[in-house]
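I opened a new notebook page for this structure. My plan is to look at the whole chain, then at a handful of residues.

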Amino acid sequence: MTRWTLLPPRHSFERTHPIWIRQLNRAQLLPAATPGLHGAMPSRYPYAQLLSGHEGALIADIVVARADATGARVMELGVDTLDPVRAAQLEATMTPWLPAGVTLTPIVPGRWLLQAHGQSFRGLSAIDPEGVLGAQLAHWLPAHRWLASLCNELQMALSMAPEASPWNMLWCWGDPGDDASEIRSIQSDDPLLRTIPMSPAATIEVIDWRRPPVDGRLKAGTYRSLDGQGWLVGRLNAWRAMAGV
């Protein structure tokens, strides 16, 4: 069984988990992946399709976008910050602007399932919000006319509601695709990961440590963080880190 462990971005546990850092510094560095859940998982899964059962659905994250001299950048993610009360306020601001047949269903605070029956988002290839954090939006905006129009409407609604500040943009991602799984089991509270179908014949066990537990020796396996970094921790590597050699 291959252990595949999801970690938060490295900067968030560098000071609190020194044993982890010693192990990762001795581990085999894996090629960088695209930041976000798609890059951190062994395969790209159609989370919105798995949640909704159809192709007219996307994951929708509220973000803070700020203009600069060259365009606009995403500076903060609601899924990292918002509590349920604040998220419900933002949902109430956006809901009256949704076209008929379009709904927002809460997943976790700051993240919704957007469903638009009659639309198809196959081939959208929009990346996770972690992938656009700090990046120029002009390079990543999906080329989908209906979706672009809806997001512009919602951005206008948020800009006119003082209680929405600073949350001013909905980032939609998670286009449909194949849902064949190479995962045998998942240890996670994430509603998106819990939608992935399991395969008894698969050999990958996914462990979600994006909220790091108490510092201790990492077991041998593959480790991926949401900032795109990855490491292969071996048994000897784990022993040397604990022994300090």
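My entries follow, from the whole chain down to single residues.

**Entry 1: the whole chain**

I noted at the start that this is a predicted model. I looked up the secondary structure and found seven helices and eleven strands. Next I asked how the radius of gyration sits against that of a compact globule. For 245 residues the globule value would be near 18 Å, and the chain has 19 Å, so the two agree. I also took the span of the C-alpha trace along its principal axes, which is about 60 × 40 × 35 Å.

Then I turned to burial and surface. Buried residues account for 48% of the 245 residues. The accessible surface is about 12000 Å². Carbon and sulfur atoms hold 54% of that surface.

I checked how far along the sequence the contacts reach. Of the contacts between residues at least 6 apart in sequence, 71% join residues at least 24 apart. Last came the charges: 21 positive and 22 negative. Their mean positions lie 11 Å apart.

**Entry 2: histidine 54**

I went to the loop between helix H3 (47-52) and strand E3 (57-68), where histidine 54 lies. Is histidine 54 buried or exposed? Its relative accessible area is 17%, which is under the 20% cut-off, so histidine 54 counts as buried. I looked for a side-chain partner and found glutamine 115, joined to histidine 54 by a polar contact of 2.9 Å. Setting aside neighbours within four places in sequence, I listed the contacts of histidine 54 as Gln49, Gln115 and His117.

**Entry 3: leucine 114**

I moved to strand E6 (residues 111-116), which holds leucine 114. Leucine 114 has a relative accessible area of 0% and is buried. Beyond four places in sequence, leucine 114 touches residues including Gly56, Ala57, Leu58 and Ala60. Val102, Thr103, Leu104, Leu150, Leu170 and Cys172 are also among its contacts. I took one C-alpha distance here: leucine 114 to serine 52 is 9.2 Å, with their places 62 residues apart in sequence.

**Entry 4: valine 64 and proline 166**

Valine 64 is in strand E3. I read 2% relative accessibility for valine 64, so it is buried. Not counting residues up to four places away, valine 64 touches Arg73, Val74, Met75, Glu76, Pro166, Trp167 and Asn168. For a distance, I picked isoleucine 183, which is 119 residues from valine 64 along the chain. Their C-alpha atoms are 34 Å apart.

Pro166 appears in that contact list, and I followed it up. Proline 166 is in the loop between helix H6 (145-160) and strand E7 (169-173). The peptide bond from serine 165 to proline 166 is cis, with omega near 5 degrees.

**Entry 5: tryptophan 209**

My last stop was the loop between strand E9 (204-208) and strand E10 (221-225), where tryptophan 209 lies. Why is tryptophan 209 classed as partly exposed? Its relative accessibility is 23%, and the partly exposed class runs between the 20% and 50% cut-offs, so tryptophan 209 falls there. I listed its contacts beyond four places in sequence: Thr5, Leu6, Leu7, Pro8, Trp20 and Leu218. I also looked up serine 188, which is 21 residues from tryptophan 209 along the chain. The C-alpha atoms of the two are separated by 8.0 Å.

Note on methods. Residues are numbered from 1 along each chain as its sequence is written. This is a predicted model: local features need pLDDT of at least 70, side-chain atom pairs count only at pLDDT 80 or more; totals for chains, interfaces and linings use all residues. Side-chain values use heavy atoms; hydrogens and water are left out. Helices (H or I, at least four residues) and strands (E, at least two) are DSSP runs, numbered from the N terminus. Buried means under 20% relative accessible area, exposed over 50%, partly exposed in between (1.4 Å probe, protein chains only). A polar contact is a pair of N or O atoms within 3.5 Å; within protein, one must be able to donate a hydrogen and the other to accept it, and residues adjacent in sequence count only if both atoms are side-chain atoms. Contact means heavy atoms within 4.5 Å. The radius of gyration is taken over C-alpha atoms; the globule rule is 2.2 Å times the number of residues to the power 0.38. Accessible areas come from the Shrake-Rupley method with a 1.4 Å probe; for residues, only the protein chains shown count as cover. Lys and Arg count as positive and Asp and Glu as negative; His and the chain ends are not counted. The place of a charge is taken as NZ of Lys, CZ of Arg, CG of Asp or CD of Glu.
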